Amino acid sequence: MKVSVIIPTLNEEKNITKNLKAIRAQKTDFEVEIIVVDGGSKDKTVLLARKYADKVVTEHIHTIAAGRHIGALVAEGEILVYTDADTIPQKNWLRNIVSVFKDKKVVAAYGWIIPL
C-alpha cells in the first residue's frame, strides 16, 4: 500500500524542514509519498522541500484548498493524508491513521498534530 502525504505551503522556510523530517521518520510498514504543493513562496521553502519531498509542485491560486486539491491530483497513494507545514506529526501519526482503514466501513480519519 502507498500513502500520499500532501502539504500545502507558502513561505514556510522556518518550518518545512522540521515537518518533512518528522514525516520521513514515521515508523510504517507501507510506502509513504510526500508531496509539497507550494503557493508561490518567496523564501527558501521550495529549495528545502526538494531535499525531503518526493514531489514538489506549484499551484497558482494561492490557497490551502487549492494546494490540497493539486496535491491530490498528483498523488499516487491509495490513501491521501493532509497536514500543514507548521506542524510536527507524532512518531506513529501515519501508522495510527492508516490502521483504521482496515475496517472497510471507514472512509476518513484524522490524527493529532503538534503546531509549531
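Let's start with helix α3, residues 64-74, where Ala66, Gly67 and Gly71 are buried. Why do these three belong together? They cover an arc of only 135° around the axis, so they sit on the same side of α3. Keep in mind, everyone, that this is a predicted model.

Now turn the helix around. On the other side of α3 you'll find Ala65 and Leu73, and those two are exposed. So what do the buried residues of α3 pack against? Their partners are two strands, β1 (2-9) and β2 (31-38).

That brings us to the sheet. It is an open sheet of four strands, in the order β3-β2-β1-β4, and the pairing is parallel. At the edges stand β3 (55-58) and β4 (79-82); each has a single partner strand, and therefore one side of each is left without a neighbour in the sheet. If you look along the sheet on your screens, neighbouring strands are turned by 25° against each other on average, ignoring direction.

Let me zoom in on one pair. β1 and β4 run parallel and are joined by four bridges. Here you can also find Ser4, which stands opposite Leu80 in β4.

Two more helices to go, friends. Helix α1, residues 16-24, packs on the sheet and touches β1 and β2. The direction of α1 makes about 165° with that of β2. And which strands does helix α2, residues 45-52, touch as it packs on the sheet? For α2 the list is β1, β2 and β3, and its direction makes about 170° with that of β2.

Note on methods. Residues numbered from 1 in each chain as written. Predicted model: local features only at pLDDT ≥ 70, side-chain atom pairs only at ≥ 80, totals over all residues. Heavy atoms only, no water. Buried < 20%, exposed > 50% of the residue type's maximum accessible area, 1.4 Å probe, protein only. Arc of directions from axis to C-beta. Contact = heavy atoms within 4.5 Å. Pairing = 2+ DSSP bridges. Axes fitted to C-alpha atoms, helices over the stretch in contact; angles between N-to-C directions.
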